[in-house]
Amino acid sequence: MTEKIGFIGAGNMAGAIINGLLRQGVCPADHLAVYDHHSTHYARFEERGVCGVETVRQLVKFADIIFLSVKPQNYDEVLQNICPFAEGKIIVSIAAGISSAYIKERLGDAAKIALAMPNTPLLLGEGATALCQCSPLTDVEYAKVKAVFAAGGVVQDLPEEQMAAVISVSGSSPAYVYLFAKAVIAGAVEQGIDVAVAKALIAQTLIGSAKMLTDSGIEPDELIRMVSSKGGTTIAALDALYAHGFEQAVIDGMRQCTRRAKELGK
Ligand SMILES: NC(=O)c1ccc[n+]([C@@H]2O[C@H](COP(=O)([O-])OP(=O)(O)OC[C@H]3O[C@@H](n4cnc5c(N)ncnc54)[C@H](OP(=O)(O)O)[C@@H]3O)[C@@H](O)[C@H]2O)c1
């Protein structure tokens with residue numbers, strides 16, 4: 001990719017996206033720059049050849065594609081800061097609840113915007129990103145943004161009206177998976193199994209189960225059935241989980257996640 005890419009906010013997500021770009025050789029390090037109001041955050045970027053710039057103006061001038069990698073509550077300030085220089089630049093939001101209308105209110109209707117919802121496994125190149133093309137961003141420009149996220153994992157195109165709900169599916173869901181893993185480890189330790197052994201076994205079980213979902217072509221209900229012999233151990237476990245409302249708890253958590261995303265966007 002020949003475009004220059006800038007990140008406002010040199011935090012976890014900027015680091016994860018940059019890792020993917022450099023690991024996959026999508027663009028050279030000197031095509032990347034970060035700006036953050038803590039220049040102390042620059043060291044880990046600069047040691048990989050990514051420039052930390054002193055002002056937001058320098059960042060916007062440098063970049064063709066600008067990632068707004070700050071928290072939703074900082075968007076208003078950042079959009080005000082970039083507004084005088086941002087004409088013609090591709091703007092990528094990665095924040096929960098920020099809509100294209102919100103950005104256009106501050107940058108004007110001609111702003112070229114993509115909305116992304118990545119997740120933290122992007123750090124290891126195993127991310128899942130939901131991505132939305134907003135008019136007037138062209139297909140060619142959108143493809144460039146998509147290539148950035150594809151360097152860090154899987155990308156799915158979504159319409160804007162689903163971008164809040166998808167946070168509950170992939171943006172926030174690593175936390176539910178870790179909570180599940182934590183519960184399994186606690187259950188293992190209670191039964192006398194070493195914590196490190198339990199962690200290794202459940203982690204590989206999650207990887208293997210995820211591969212069954214992506215690669216086997218078998219639907220979740222059938223995958224569950226394949227582990228559940230009649231009168232066996234899995235059914236005993238599942239009965240207890242159903243009795244505790246496991247599925248409903250997950251669905252309710254997702255509803256709360258989407259409700260909060262919509263609140264943040266107001
Ligand atoms: N982490 C996730 O799992 C995840 C998943 C999907 C999307 N996201 C989204 O990604 C975005 C970034 O998340 P993150 O975890 O990378 O955040 P982070 O680690 O806190 O990084 C954001 C950085 O931007 C700085 N900053 C804030 N306002 C600024 C401004 N006006 N100008 C320059 N720098 C500024 C912050 O400084 P201060 O600390 O002083 O504010 C911080 O250093 C968020 O909108 C989040 O919703 C995160």
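Helices (H or I, at least four residues) and strands (E, at least two) are DSSP runs, numbered from the N terminus. By that rule, isoleucine 90 sits in strand β5 (residues 90-93).

This is a predicted model: local features need pLDDT of at least 70, side-chain atom pairs count only at pLDDT 80 or more, and totals for chains, interfaces and linings use all residues. Residues are numbered from 1 along each chain as its sequence is written, and side-chain values use heavy atoms, with hydrogens and water left out.

**Strands**

Isoleucine 90 has 6% relative accessibility, so it counts as buried (under 20% relative accessible area; exposed is over 50%, partly exposed in between; 1.4 Å probe, protein chains only). Its C-alpha atom is separated by 36 Å from that of leucine 179, 89 residues apart along the chain.

Strand β1 (residues 5-8) pairs with β2 in the parallel sense, over 4 bridges. Pairing requires that DSSP finds at least two bridges between two strands. Glycine 6 faces alanine 33 of β2. In β2 (residues 32-35), Leu32 and Val34 point one way, Ala33 and Tyr35 the other, and all are buried.

**Annotated spans**

Two domain features come from UniProt, each from an unreviewed entry. Positions are in the numbering used here, feature names are shortened, and annotations may be inferred rather than shown by experiment.

| UniProt feature | Residues | Helix | Strand | End C-alpha distance |
|---|---|---|---|---|
| Pyrroline-5-carboxylate reductase catalytic N-terminal | 4-97 | 33% | 19% | 26 Å |
| Pyrroline-5-carboxylate reductase dimerisation | 160-264 | 73% | 0% | 16 Å |

**A cis peptide bond**

The bond from serine 135 to proline 136 is cis, with omega near 10°. Proline 136 lies in the loop between β7 (127-134) and α6 (139-150).

**The second largest pocket**

A pocket is an open set of points on a 1 Å grid over the protein atoms alone, where a 1.4 Å probe fits, with protein on both sides within 12 Å along at least five of seven lines; lining residues have an atom within 4 Å of a point. The second largest pocket holds about 800 Å³ of space. Its lining has 34 residues; Met13, Ser69, Val70, Lys71 and Pro72 lie nearest its centre. The elements giving two or more residues to this lining are α1 (12-23), α4 (75-82) and α11 (246-264). α11 gives the most, with 4 residues. By class, the lining has 18 nonpolar, 12 polar and 4 charged residues. Domain 1 (5-163) and domain 2 (173-264) both contribute to the lining, so the pocket lies between them. These domain bounds come from an automatic or database domain assignment.

Conventions: Points joined across faces, edges and corners; volume = space filled by probe spheres on them. Nonpolar A, V, L, I, M, F, W, Y, C, P; charged D, E, K, R; others polar.
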